[in-house]
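Grab your viewer and a notepad. Below are a few exercises, each with a worked solution.

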Amino acid sequence: MTMRIIDHPVLGRLNDLNTISFTYNGETLTGLLGESIAAALLANGIRTIRYHEESGTPRGIYCNIGHCFECRVHVNGHQGVRACLTPLEENMDIISGGKLPTPVRDWRTNNE
């Protein structure tokens, strides 16, 4: 099931439905050729695109115009790709960013 708006009340009907396949975290999904990776993920019901590198808190689409870098993902082995600016292509392999391991202990907690 897609969450994509096919018939918009202002923009009209989306006629060019060139559907392609891609993977996100190992799961095969479909999207429209040339739409942004972020739009394809949102249309597939995915709201959390990555996790903060230090805190591990979920991140999703924030500005959707490339200013905030919240939508960074790994695409075909390249890290730090902004999902909101990158057009979807056939067979893209997309992996979300996750919490990075760190030897630094959080001084705000009681964990020894």
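Two ground rules for reading strands: a pair of strands counts as paired if DSSP finds at least two bridges between them, and helices (H or I, at least four residues) and strands (E, at least two) are DSSP runs, numbered from the N terminus. You're looking at a predicted model, where local features need pLDDT of at least 70 and side-chain atom pairs count only at pLDDT 80 or more, while totals for chains, interfaces and linings use all residues. Residues are numbered from 1 along each chain as its sequence is written, and side-chain values use heavy atoms, with hydrogens and water left out.

**Exercise 1.** Work out how E7 and E8 pair, and what sits in the turn.

Step 1: E7 and E8 (residues 78–82) run antiparallel, with 3 bridges between them.
Step 2: Pick one bridge to check: Val75 is partnered by His78 in E8.
Step 3: Now the turn. The two strands make a hairpin with 2 residues between them, and Asn76 in that turn has a positive phi of about 50°.

**Exercise 2.** Find the strands that pair with E3, and sort the E3 side chains into buried and not buried.

Step 1: Start with E4 (residues 27–32), which pairs with E3 in the antiparallel sense over 6 bridges. Ser21 faces Thr30 of E4 across this pairing.
Step 2: Look at the connection. E3 and E4 form a hairpin with 2 residues between them, and the turn residue Asn25 has a positive phi of about 50°.
Step 3: Then try E9 (residues 93–96), which runs parallel to E3 and is joined to it by 2 bridges. Here Tyr24 stands opposite Ile94.
Step 4: Walk along E3 (residues 19–24) and the side chains alternate. Ile20, Phe22 and Tyr24 point to one face and are buried (under 20% relative accessible area; exposed is over 50%, partly exposed in between, with a 1.4 Å probe and protein chains only). Thr19, Ser21 and Thr23 point to the other face and are not buried.

**Exercise 3.** Trace the salt-bridge network that contains Arg50.

Step 1: Set the criterion: a side-chain nitrogen of Lys or Arg within 4 Å of a carboxyl oxygen of Asp or Glu. The structure holds 4 such bridges.
Step 2: Arg50 bridges to Glu53, with the closest N and O atoms 3.2 Å apart. Arg50 is buried at 3% relative accessibility, whereas Glu53 is partly exposed at 22%.
Step 3: Arg50 also meets Glu70 at 3.3 Å, N to O. Glu70 lies in the loop between E6 (58–59) and E7 (72–75) and Arg50 in E5 (residues 50–51), so this pair ties together parts that are 20 residues apart in sequence.
Step 4: Glu70 has another bridge, to Arg59, at 2.9 Å between the closest N and O atoms. Arg59 is in E6, so that pair links parts 11 residues apart in sequence. Arg59 itself is partly exposed, at 24%.
Step 5: Put it together: Arg50, Glu53, Arg59, Glu70 and Arg72 are linked in one network.

**Exercise 4.** Say which element gives the most to the lining of the largest pocket, and break the lining down by class.

Step 1: Get the terms straight. On a 1 Å grid over the protein atoms alone, a cavity is a set of points where a 1.4 Å probe fits but cannot get out; a pocket is an open set with protein on both sides within 12 Å along at least five of seven lines, and lining residues have an atom within 4 Å of a point. Grid points are joined across faces, edges and corners, and the volume is the space filled by probe spheres set on the points.
Step 2: The largest pocket comes out at about 290 Å³. Of its 17 lining residues, the closest to the centre are Arg4, Ile5, Leu14, Glu35 and Ala39.
Step 3: H1 gives the most, with 4 residues.
Step 4: By class, the lining has 10 nonpolar, 4 polar and 3 charged residues (nonpolar: Ala, Val, Leu, Ile, Met, Phe, Trp, Tyr, Cys and Pro; charged: Asp, Glu, Lys and Arg; polar: the others, Gly among them).
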